[in-house]
Amino acid sequence: MKETKIIAKDSTYQKFEVLKTNRNKRYKYNEFLVEGVRSLKEAVTNKWNIKSFIYDKNNLSDWAKDTISSVKTKENFVLTPELMKDLSGKEDTSELMAIIEMREDKLENVTLSKAPFIVLFDRPSNKGNLGTIIRSCDSLGADMLIITGHAVDLYDPDVVVSAMGSFFNMPVIRIEDNNDLYAYIDKLREKYPDLIVAGSTAHKEKSIEEIDFTRPLVLMIGNETMGLNKAFKEYCDVLCTIPMDEKSYATSFNVGCAASIMMYEVTRQRRE
């Protein structure tokens, strides 16, 4: 394993910075920068391709040393304490960061359960909400999360951090062309004739308690501001809503809360 020392904000260090801050450059290099013990542990456990580690050699715990020695990388980078502090997005400077290769967006690569549970998030516009939904999908047993349309960057550091490690355990696939999505769901319908496509809405529609979520399921969650787009609404077999107290002033939930509640109802029904 090659180890390169970085003592100034040279072109190599500047690449680290743009991987954190520049969406276009991330996709140019097909890499993203990750920090945080939980995220790095999950990345290693789930066999993501870690291309490089970044660290201050004089400030490493036994866990960090073991990780560096046990994970095969192409080239590692040793930074000064000052450069580590500048690069880290945490109040307490991370002892270890990593450059990780993005994964291919391919729906067919995801292994599904016997009764598939797939969640779709339409055009997410908030990094924290996307991270929260990734975490909820992981916690509540979804097979996969699909992201559609023009959305916040899946590989933005804020998304990775807010997913709390679930980012590396939950298959997330980005789809630009809705026709690819429809073709995939058509194949699912052939394999699972009782598949249901359910869309979320804040308007009073069928309550989530009234829908049979034990069937193979694609659950479509709408954008934070505009909700589920018209084409998806028309494509759904049913639109569903979360019943709210009649005395409530609130008319809807935050999308992260709503998605989590709906997913919990899916798991509740399947447990029973």
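How do the residues of the lining of the largest pocket divide into nonpolar, polar and charged? In this predicted model, the lining consists of 11 nonpolar, 12 polar and 2 charged residues.

The pocket itself has a volume of about 440 Å³, and among the 25 residues that line it, Ser 200, Thr 201, Ala 202, Ser 252 and Phe 253 are the closest to its centre. Helix α10, which covers residues 255-271, supplies the largest share of this lining, namely 4 residues. The second largest pocket has a volume of about 320 Å³ and is lined by 18 residues, with Trp 48, Arg 103, Pro 171, Val 172 and Ile 173 lying nearest its centre. Its lining divides into 10 nonpolar, 4 polar and 4 charged residues. The two pockets are set side by side below.

| Pocket | Volume | Lining by class |
|---|---|---|
| Largest pocket | about 440 Å³ | 11 nonpolar, 12 polar and 2 charged residues |
| Second largest pocket | about 320 Å³ | 10 nonpolar, 4 polar and 4 charged residues |

Turning to the protein as a whole, the chain forms 10 helices and 12 strands, and the C-alpha trace spans about 60 × 45 × 35 Å along its principal axes. Of the 272 residues, 49% are buried, while the accessible surface comes to about 14,200 Å², with 47% of that area belonging to carbon and sulfur atoms. Among contacts with a separation of 6 or more, 75% are between residues 24 or more positions apart.

In soluble globular proteins, nonpolar side chains tend to be buried together. Here the largest nonpolar core has 56 residues, and those with the most contacts inside it are Phe 32, Ile 134 and Phe 167. Helix α10, already met in the lining of the largest pocket, also gives the most to this core, with 6 residues. A second, separate core has 21 residues, including Tyr 192, Leu 195, Val 197 and Met 220.

Phe 32 deserves a fuller description. When residues up to four places away in sequence are not counted, Phe 32 touches Arg 26, Trp 48, Ala 98, Ile 99, Ile 100, Glu 101, Met 102, Tyr 155, Val 160, Phe 167 and Phe 168. Two of these partners appear elsewhere in this account: Phe 167 is named with Phe 32 among the residues with the most contacts inside the largest core, and Trp 48 is one of the residues nearest the centre of the second largest pocket.

Some loop positions also merit attention. Arg 123, which is not a glycine, nevertheless has a positive phi of about 50 degrees, and its place is in the loop between β6 (117-122) and α6 (127-139). Because its relative accessible area is 19%, under the 20% limit, Arg 123 counts as buried. Met 164, likewise not a glycine, has a positive phi of about 55 degrees and is placed in the loop between α7 (157-162) and β8 (172-175). With a relative accessible area of 34%, Met 164 is partly exposed.

Gly 36 lies in the loop between β2 (31-35) and α3 (37-45), and, since its relative accessibility is 14%, Gly 36 counts as buried. Leaving aside neighbours within four places in sequence, Gly 36 is in contact with Lys 90, Ser 94 and Leu 96. Gly 36 and Ile 175 are 139 residues apart in sequence, and their C-alpha atoms are 28 Å apart in space.

Technical notes:
Residues numbered from 1 in each chain as written. Predicted model: local features only at pLDDT ≥ 70, side-chain atom pairs only at ≥ 80, totals over all residues. Heavy atoms only, no water. 1 Å grid on protein atoms, 1.4 Å probe; cavity = no way out; pocket = protein on both sides within 12 Å on 5 of 7 lines; lining within 4 Å. Points joined across faces, edges and corners; volume = space filled by probe spheres on them. Helix = DSSP H or I, 4+ residues; strand = E, 2+ residues; numbered from the N terminus. Nonpolar A, V, L, I, M, F, W, Y, C, P; charged D, E, K, R; others polar. Core = buried A, V, L, I, M, F, W, Y, C linked by side-chain atoms within 4.5 Å. Buried < 20%, exposed > 50% of the residue type's maximum accessible area, 1.4 Å probe, protein only. Contact = heavy atoms within 4.5 Å. Areas by Shrake-Rupley, 256 points an atom, 1.4 Å probe, with all protein chains shown as cover.
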